[in-house]
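Student: I'd like to learn how to read salt bridges and burial in a structure. Can we go through one together?
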Amino acid sequence: MSQLPAPKSPNDSAVETRHVVMPDHANHYGTAFGGAIMSWIDLIAVMAAQRHCSREAVTASIDRINFISPIQIGDHVHLKAMVNYVGKTSMEIGVQVNKENPFTGESVRATTAYLSFVALDENKKPTPVPELILETATEIRRYEEGRLRIETARELAKKIKDSRK
C-alpha cells in the first residue's frame, strides 16, 4: 500500500474556474439548465478532490445542491471548490457558484453544492485520504458543518433501512 501524501489545507487543493452561459446551456426562458450547472459543479469538485488525495477520486454522492438565483444566457459563472471535510477514504467538497454580470461586474451567489468523493487505489478500491489541516475559523466551521452533514446522512440512511424491515 502506498504512503499517504502529507496533510493539506483546504487552500492547497482549492480550484476556481469560469464559464460563460451560452444558448445551448439554457432553456427556452433563457436561464441555465440545472444539469449544465451541476456538470460544471461535478467537474470542479472532482479536481479539488483529486488535488487533495493525489489520486483518482470518484463522485459518491451529490449531497445537496441549492439553486438560489437564476443564471441567464451571457452571464459569467464563477465556480470555487474546496475540501470541507475528510473521513477515512472520503471527502466532502463544497462548491460555491456565483453569477457575474460581464458589463457591471456585479456578482451574486447563484448556487451552492456539497458532494462526496471517494479516493481509489490502483485496484479501484477505496483508499485512505490525507488529513485536512484547518488553519482558520472558517475552515474549522466548514469542517464541523461537513461532519454534521455526513453524520445526519448516515442517521437518515439507517432510519430508512430500519423502516424497511
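Tutor: Sure, let's start with a glutamate: Glu 92 is buried, since its relative accessible area is 0% (buried is under 20%, exposed over 50%, partly exposed in between, with a 1.4 Å probe and protein chains only). This is a predicted model, where local features need pLDDT of at least 70 and side-chain atom pairs count only at pLDDT 80 or more, while totals for chains, interfaces and linings use all residues. Residues are numbered from 1 along each chain as its sequence is written, and side-chain values use heavy atoms, leaving out hydrogens and water.

Student: Which residue forms a salt bridge with Glu 92?

Tutor: Side chains of opposite charge can pair when their charged atoms come close. Here Glu 92 pairs with Arg 149, with the closest N and O atoms 2.8 Å apart (a salt bridge is a side-chain nitrogen of Lys or Arg within 4 Å of a carboxyl oxygen of Asp or Glu). Glu 92 sits in strand 4 and Arg 149 in helix 3, so the pair ties together parts 57 residues apart in sequence (helices, H or I of at least four residues, and strands, E of at least two, are DSSP runs numbered from the N terminus).

Student: Is Arg 149 partly exposed or buried?

Tutor: Arg 149 counts as partly exposed because its relative accessibility is 24%.

Student: How many salt bridges does a search of the whole structure find?

Tutor: The search finds 9. One of them joins Glu 145 and Arg 141 at 3.1 Å, N to O; both lie in helix 3, 4 residues apart, about one turn of the helix.
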